[in-house]
Amino acid sequence: MTQTAATTATTADLTARGQALTVQGLSVHYGGVRAVDDVDLTVPAGQAVGIIGANGAGKTSTLKALMGLVPRRVTGLRLGERDITKVKARDMVRHGVGYVPEGRHVFPGLPVEKNLYLGAYAKPWNQRVRTAADEVYELFPVLGEMRNRLAGALSGGQQQMLAIGRALMSQPSLLLLDEPSMGLSPKLVDEIVQVLQRLSAQGLTILLVEQNAKLTFEVTSSCLVMENGVVAMTGTSEELSHDSRVRQIYLGL
């Protein structure tokens, strides 16, 4: 890490402190519509936690609110021991949070490599940034092969890899992912699962929002089920994968 301890904690630091992310009383309203209502959640350092639910359950709004991208009310928001409640969205990356938005949002008119380097905007330009790019290419070899190709010419799956790689360029201690399997073939979904499992095994803390419950259970150690803006169920991924209600609604069993 090249940031100072005053701005960004390393993954090891956060692991020692117990919780990577602690959220209390998070609410989001769009006009008179309640999207998220008084949600509490914790993401233990070094673990992957999932949020599943149907369309309109409040999953995406939760991630956007954590990043400060939508108006929110929140009682407490901490990363490790640091209060980040008042940190603006543009500064979240400097505080160690990586974000992969729903829909990828790559820059189609720029080459793959420039898209990646934009993910390191908060880092001093040095060999560490080049090393981070090499690590992304090792994680997603196809991006290395297409580094000079315009991002808009990539397939949906390749753009998703690019969006994840771009978020990793800042070397985050916490990675937020919103619907990374959306629109992907089963084969590409399996590849994304393998990458997220690998990142989790390396100690990266992950908060994953997904409609694909099967994917979520394969990647995470625990999950929240959201319905109508509130947390309806919580448990380990193993427990929820065998819960009759979850199996019926989210796994189609």
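Two residues are in contact when they have heavy atoms within 4.5 Å of each other. On that basis, and leaving out residues up to four places away in sequence, L175 touches G98, Y99, V100, A167, L168, L199, L204, T205, I206 and L207. The model described here is predicted.

**Overall make-up**

The chain has 253 residues, and 53% of them are buried. Its secondary structure comes to 10 helices and 10 strands. Of the contacts in the chain with a separation of 6 or more, 68% are between residues 24 or more positions apart.

**The nonpolar cores**

L175 is one of the residues with the most contacts inside the largest nonpolar core, together with L143 and L199. That core has 38 residues. At least two residues of this core come from each of α3 (112-118), α4 (127-139), α6 (156-168), β7 (174-178), α7 (186-201), β8 (205-210) and α8 (213-219). A second core, separate from this one, has 31 residues, including L26, V70, Y99 and L224. Y99 of the second core is also among the residues that L175 touches.

**Packing of α6 against α7**

Helices α6 and α7 both supply residues to the largest core, and they also pack against each other, at an angle of about 15° with their axes 10 Å apart. Angles under 35 degrees count as roughly parallel, so α6 is roughly parallel to α7. The crossing of the two helices is right-handed. On the α6 side the contact is made by G157, Q160, M161, I164 and L168, and on the α7 side by L188, E191, I192 and L199. By type, the residues of this contact divide into 6 nonpolar, 2 polar and 1 charged. L168 and L199, from opposite sides of the contact, are both touched by L175.

**Helix α2 and its surroundings**

Helix α2 covers residues 59-67, and it is largely enclosed by the rest of the structure because 8 of its 9 residues are buried. The buried residues are K59, T60, S61, T62, L63, A65, L66 and M67. Just after the helix, G68 takes a positive phi of about 80°.

S61 lies in α2 and counts as buried, since its relative accessibility is 11%. Beyond four places in sequence, S61 touches V28, Y30, A35, V36 and V70. Of these, V70 belongs to the second core.

V28 is in strand β1 (residues 19-30). With a relative accessible area of 1%, V28 is buried. Apart from neighbours within four places in sequence, V28 is in contact with V33, R34, A35, V36, S61, A65, V70, P71 and R72. S61 and A65 in that list are among the buried residues of α2. The C-alpha atoms of V28 and V74 are separated by 8.9 Å, although the two residues are 46 residues apart along the chain.

**Positive phi outside glycine**

D38 and H105 each have a positive phi without being glycine. D38 is placed in strand β2 (residues 33-44), whereas H105 is in the loop between β6 (97-100) and α3. The table gives their values.

| Residue | Phi | Relative accessible area |
|---|---|---|
| D38 | about 55° | 52% |
| H105 | about 55° | 54% |

Exposed means over 50% relative accessible area, so D38 at 52% is exposed, and H105 at 54% is exposed too.

Conventions: Residues numbered from 1 in each chain as written. Predicted model: local features only at pLDDT ≥ 70, side-chain atom pairs only at ≥ 80, totals over all residues. Heavy atoms only, no water. Core = buried A, V, L, I, M, F, W, Y, C linked by side-chain atoms within 4.5 Å. Buried < 20%, exposed > 50% of the residue type's maximum accessible area, 1.4 Å probe, protein only. Helix = DSSP H or I, 4+ residues; strand = E, 2+ residues; numbered from the N terminus. Axes fitted to C-alpha atoms, helices over the stretch in contact; angles between N-to-C directions. Parallel < 35°, antiparallel > 145°, perpendicular 65-115°, else oblique. Left-handed = near helix turned anticlockwise from the far one by under 90°. Nonpolar A, V, L, I, M, F, W, Y, C, P; charged D, E, K, R; others polar.
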